Structures are given as structure tokens and as C-alpha cells.
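Hello,

Here is the structure I promised to pass on. Please open it next to this message and follow along.

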Amino acid sequence: MKSTNIHHWENGVFIVGLQFFNLFNHPNFGIPDNATSDVGFGRIFYQDQSPSSVLGSGLGANVSGRTIQVKAQLRF
């Protein structure tokens, strides 16, 4: 949040800010398969946590996208 005083107003303040959700979009992977005799040795078959989104699960995808929110506020 960045606030700036407005000249010629007694208590006028203009405030601007940004909020980032899922900025780096990193998944949380589970533990890899550690059975050396298994064909899938070293592979990761699942995510540790299901992806979440600020908008809910209505995105229709298995990974939530990045979301940027801009806020502007005028106080007087």
C-alpha cells in the first residue's frame, strides 16, 4: 500500500495497493516413489495438497491461476 497526501485538502489521502495470490504458482508435490524395484521409482504421482484459489473451485482446472488485485482508496 502506498499513501499520498493530496495538496489543498485538509485530510485528503490517496491510497493505492496491489495484492498477489499464487504469484509464483508453485505446486506442492508429494513424496516420490522410493521402491527401487518398482517401475515408477523416483516418480511423483500426486500433489501433497490440492490447489486452492481465491475465487474458489469454479475455475474448472486442476491448478488455480495467478490473481492480481488492485486497490485504490480516497480518504477525505
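Below is what was found, going from the overall fold to single residues.

**Overall**

Please keep in mind that this is a predicted model. The chain has 0 helices and 3 strands. Along the sequence the pattern reads β-β-β. Of its 76 residues, 11% count as buried. The chain exposes about 6700 Å². Carbon and sulfur atoms supply 55% of that area. Contacts across the sequence matter for the picture, too. Among contacts with a separation of 6 or more, 48% are between residues 24 or more positions apart.

**How the strands pair**

β1 and β2 run antiparallel and are joined by 4 bridges. In this pairing, serine 3 stands opposite isoleucine 15 of β2. β2 and β3 also run antiparallel, with 9 bridges between them. Here phenylalanine 21 faces threonine 67 of β3 as its opposite residue. So β2 has bridges to β1 and to β3. As a general point, side chains in a regular strand alternate between the two faces of the sheet.

**Isoleucine 15 and lysine 2**

Start with isoleucine 15, in strand β2. Is isoleucine 15 buried or exposed? Its relative accessibility is 8%, so isoleucine 15 counts as buried, the cut-off for buried being under 20%. Leaving out residues up to four places away in sequence, isoleucine 15 touches Met1, Lys2, Ser3, Lys71, Ala72, Gln73 and Arg75. Methionine 1 is 14 residues from isoleucine 15 in sequence, but the two C-alpha atoms are 6.7 Å apart.

Lysine 2 lies in strand β1. Lysine 2 and isoleucine 15 are separated by 13 residues in sequence and by 5.6 Å in space, C-alpha to C-alpha. Which residues does lysine 2 contact, leaving aside neighbours within four places in sequence? They are Phe14, Ile15 and Val16. Lysine 2 has a relative accessibility of 56%, so lysine 2 counts as exposed. The cut-off for exposed is over 50%. Lysine 2 is thus exposed and in contact with isoleucine 15, which is buried.

**A nonpolar patch on the surface**

Which residues make the nonpolar surface patch? They are Leu18, Phe20, Leu23, Phe24, Ile68 and Val70. The patch covers about 650 Å². β2, residues 13-21, supplies at least two of the patch residues, and so does β3, residues 67-75. Leucine 23 sits in the loop between β2 and β3. At 40% relative accessibility, leucine 23 is partly exposed, because that class runs between the 20% and 50% cut-offs.

**One aromatic pair**

The count of aromatic pairs is 1. Tryptophan 9 and phenylalanine 76 form it, edge-to-face, with 6.2 Å from centre to centre and 85° between the planes. The pair links distant parts of the chain, with its two residues 67 apart. Tryptophan 9 is in the loop between β1 (2-5) and β2, and phenylalanine 76 is in the segment after β3. How accessible are the partners? Tryptophan 9 counts as partly exposed, at 42% relative accessibility. Phenylalanine 76 is exposed, with a relative accessible area of 78%.

**Two more loop residues**

Histidine 8 belongs to the loop between β1 and β2. Histidine 8 is not a glycine, yet its phi is positive, at about 70°. Its relative accessibility is 83%, so histidine 8 counts as exposed.

Asparagine 34 is in the loop between β2 and β3. That is also the loop of leucine 23. Asparagine 34 has 64% relative accessibility and therefore counts as exposed. Isoleucine 44 is 10 residues from asparagine 34 in sequence, and 9.8 Å away in space, C-alpha to C-alpha.

**To recap**

Three things to look at on screen: the antiparallel pairing of β2 with β1 and with β3, the nonpolar patch of about 650 Å², and the edge-to-face pair of tryptophan 9 and phenylalanine 76.

Best wishes

How values were computed:
Residues are numbered from 1 along each chain as its sequence is written. This is a predicted model: local features need pLDDT of at least 70, side-chain atom pairs count only at pLDDT 80 or more; totals for chains, interfaces and linings use all residues. Side-chain values use heavy atoms; hydrogens and water are left out. Patches are made of residues with over 30% relative accessible area and no salt bridge: like charges are joined within 9 Å, nonpolar side chains (Val, Leu, Ile, Met, Phe, Trp, Tyr) within 5 Å. Accessible areas come from the Shrake-Rupley method with a 1.4 Å probe; for residues, only the protein chains shown count as cover. A salt bridge is a side-chain nitrogen of Lys or Arg within 4 Å of a carboxyl oxygen of Asp or Glu. Buried means under 20% relative accessible area, exposed over 50%, partly exposed in between (1.4 Å probe, protein chains only). Rings of Phe, Tyr and Trp (its six-membered ring) pair if their centres lie within 6.5 Å; planes under 30 degrees apart count as stacked, over 60 as edge-to-face and the rest as tilted. Two strands pair if DSSP finds at least two bridges between them. Contact means heavy atoms within 4.5 Å.
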